[in-house]
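This briefing is for a reader who has not seen the structure before. Look over the sequence and the model first, then read the points below by topic.

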Amino acid sequence: MSAPYDTLPARRRKRPRGLGLKLLAYAALCAIGFVMAAPLVWMISTSLKDPTQVVVGRDQWLPRRQVVSRYGPVYSARFDDVEVRGAEIAITPQGRRLRLLEPARLAGRIVTVPANQARPVERLHFEWRNYVAAWKAMKVESALGGLLRNADAFLVFYINSIIVAVSVTFGQVATSSLAAYAFARLRFPGRDKLFLGYLATLMVPGVITMIPVYILLSRLRLTDTYWALILPGMFSAYGTFMLRQFFLTIPRDLEDAARIDGASLLGIYWNVILPLSKPALAALTTFVFLHSWNDFMWPLIVIDSLGLKTLPIGLAHFQGPYLTEWHLLMAASVIVMVPVLIVFVIGQRYFVRGLILSGLKA
Amino acid sequence: MTGSEQSGTAALPRRPWRRYLGSYAFLVPNFLGFLAFTLLPVAAAFALSFTEWAILNPPRLVGLHNFDRLLSFHREGSRLAANDPYFWKYLWNTVFLMFGIPLAVLGSLVCALLLNQRLRGVVFFRTLFFLPAIGSAVAITLLWKWIFQEDYGLLNTWLRHFGIAHPPGWLVTTTWAKPAFIIMSLWMAVGGYNCVLYLAGLQNIPGELYEAADMDGANWWHKLRYVTWPLLSPTTFFIVTMSIISGFQGGFIAAYMMTGGGPAGATTTIMLYIYQNAFQWFQMGYAAAIACVLFGLIFGFTLLNWRLSQRVVYY
């Protein structure tokens, strides 16, 4: 993997002098890394376990399952001072009745061992079917305006999430960059006052606008539609602000040259400003996409139909009927998490730069 | 404002407004959306807070009644009782969850200091630390619900290993539900955005300062205390401010997914209370009033934080 943070100015601090200090740093990194990784590994591990192996109260990291022979589930026990393995053929008041399989000289013999002395024989086993089960657990009667009928719910959630996140991202980057260009470069009456208004609303928390926007959309009969998910996300003061700050750093000479060549405002915006702003645009894109993809509260408020749910609220809905089926819940969680992680690994360089652009200049 | 010297609007020649049509055209799409989904809603929220509105009937102006119901007290026998005791309880819950902020900030700083070392494999750790912040919060909350599960969860399984015979019922007891929330949010926050901001801050510190400190015979603690920490104070200020702002609005996903706000309201935060009022009980006016009070709190704390920072932040 290439260094994702190579956009940052090179670190000039001296390297730690002693080997001891280095080892200490490694130890600390590994300790924190363990705490960070353990829950995620546990999620994947649970999602791959046989249902019988989930609620056992053991920290079994590698999914295992009891071996089943053609006579029945296999146990190991001590019998006549020998370690034996046998298939359970019945449970009697005296214990488990086993048909011995090993060692060979005892094979076929039927013995009874006390239940608490028979240990199940387990083998590594990944239950991939959990993913299929989670994926197929819920059906949506009609989605995409009737285009999809009786489809797997998670497929529908995926499609919805993609539609919403892509539209919101595209819309916000487009409107923000246009407005940012006007604020950064064009001269018109009221510009600075207007920009101050934008800045002031950066302070306003989302909780304030939530209720009025909901009422507005319900008056327009747009709740429980894609519009309710997409429209409010398409405009942001934040994106405008961030891009304006970036556009201001672009040298004016290039635009002047284009203007002398007879380029229109739109031409300058499209052919000069946008190509030069790729890092900022990429940062905003990654930022908005992840935010929209992970958004929970707003979709929860405006969406009722199963066929319109996005992945986060779809997962919340999935939790209802499968409250204690942890292997399915974890499989579904992995299904929801994976694409975001892929987007992050691809875009993390831009993402981090965007964070720094927005964070330190704000 | 940056750039206003060279392109300010003060010196604009008087021209017919049509000359500026092109400029305004760039602004229109964004401005309309800004108007409809930010500016007007903010105004509407304040207006709404003076009404009683159950969506179906037209809104009714009730003056300050919502705020009276929310914030005032009445006499109950010999003592004062809050008109809405739930609000105060949930406000306390919200503030309690914010006690995790200092730990989260400290943790982020430690992570950033470690990740700033020139060590082999540090990129791997950077990515790993950042994953919790990037993954779907709903999925992560669900994962932690499973980890906190009383009988079979990973955490209690470990605690039993370490000899604690009766580990707490994390999400089902009023004592432990909030600490559980804090643990989860620490896990999500420590290596996330704040850590990246600290990393950027660290990399902006000129190396000469450390060289000068070395010449003065400073050890690593002196350098941390007298060089790194003061120079990072703008970053710390920014992080603390943002954490407080989001802390006041926090806890929604966790409460919704893990506890439903329980047990006995122990994990209901103001955000969940607003959601319940507005979208489950359809008390739009009252919900708007709570939102306005929350906004006031956020604004007040940001201001206070800013005032305090004048003394401790080194620019």
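Helices and strands here are DSSP runs, with at least four residues for a helix and at least two for a strand, numbered from the N terminus. The model is a predicted one. It is described below chain by chain, then by interface, core, one helix and a few single residues.

**Chain A**

- Chain A contains 13 helices and nine strands.
- Its radius of gyration is 30 Å, well over the 21 Å that the globule rule gives for 362 residues, so chain A is more spread out than a compact globule.
- The C-alpha trace of chain A spans about 100 × 65 × 35 Å along its principal axes.
- Buried residues make up 42% of the 362 residues of chain A.
- Of the contacts in chain A with a separation of 6 or more, 62% are between residues 24 or more positions apart.

**Chain B**

- Chain B contains 16 helices and four strands.
- The radius of gyration of chain B is 25 Å, whereas a compact globule of 315 residues would have one near 20 Å.
- Measured out along the principal axes, the box filled by the C-alpha atoms of chain B is roughly 75 × 70 × 40 Å.
- Of the 315 residues in chain B, 39% count as buried.
- Residues at least 24 apart in sequence supply 64% of the contacts in chain B between residues at least 6 apart.

**Where the two chains meet**

- The contact between the chains involves 81 residues of chain B and 85 residues of chain A.
- On the chain B side, helix α2 (residues 21-48) gives the most, with 18 residues.
- This side of chain B has 59 nonpolar, 19 polar and three charged residues.

**Nonpolar cores**

- The largest nonpolar core has 166 residues, and those touching the most other members are I211(A), I274(B), I290(B) and A291(B).
- Helix α3 (residues 153-185) of chain A supplies the largest share of this core, 15 residues.
- Leaving out residues up to four places away in sequence, A291(B) touches V207(A), I208(A) and I211(A) of chain A, and A45(B) and I274(B) of chain B.
- A separate second core has ten residues, among them A77(A), L98(A), L100(A) and V113(A).

**Helix α4 of chain B**

- Helix α4 (residues 85-98) of chain B has 14 residues, and the distance from its first C-alpha to its last is 20 Å, close to the 20 Å expected at 1.5 Å a residue.
- The buried residues in α4(B) are F87(B), Y90(B), N93(B), T94(B), L97(B) and M98(B).
- These buried residues lie on the same side of α4(B), because they cover an arc of only 140 degrees around the axis.
- P85(B) and W92(B) are exposed on the other side of α4(B).
- The packing partners of the buried residues of α4(B) are six helices of chain B: α3 (65-71), α5 (100-115), α9 (174-189), α13 (233-248), α15 (270-280) and α16 (284-312).
- V95(B) is also placed in helix α4 of chain B, and it counts as partly exposed because it has 14 C-beta neighbours inside 10 Å.
- The C-alpha atoms of V95(B) and I244(B) are 9.5 Å apart, although the two residues are 149 apart in sequence.

**Two residues with positive phi**

- Most residues other than glycine have a negative phi.
- L144(A) has a positive phi, near 55 degrees, and is not a glycine.
- L144(A) sits in the loop between β8 (139-143) and β9 (148-152) of chain A, and with 16 C-beta neighbours inside 10 Å it counts as partly exposed.
- A264(B), also a residue other than glycine, has a positive phi near 55 degrees.
- A264(B) belongs to the loop between α14 (252-259) and α15 of chain B, and with 11 C-beta neighbours inside 10 Å it counts as exposed.

**A residue in helix α13 of chain B**

- F238(B) is part of helix α13 of chain B.
- F238(B) counts as partly exposed, because it has 18 C-beta neighbours inside 10 Å and a buried residue needs 20 or more.
- F238(B) and Y193(B) are 45 residues apart along the chain, and 12 Å separates their C-alpha atoms.

Terms used: Residues numbered from 1 in each chain as written. Chains lettered and ligands numbered in written order. Predicted model: local features only at pLDDT ≥ 70, side-chain atom pairs only at ≥ 80, totals over all residues. Contact = placed C-beta atoms within 7 Å. Nonpolar A, V, L, I, M, F, W, Y, C, P; charged D, E, K, R; others polar. Core = buried A, V, L, I, M, F, W, Y, C linked by C-beta atoms within 7 Å. Buried ≥ 20, exposed ≤ 12 C-beta atoms within 10 Å, placed from the backbone. Expected span 1.5 Å × (residues − 1). Arc of directions from axis to C-beta. Rg over C-alpha atoms; globule rule 2.2 N^0.38 Å.
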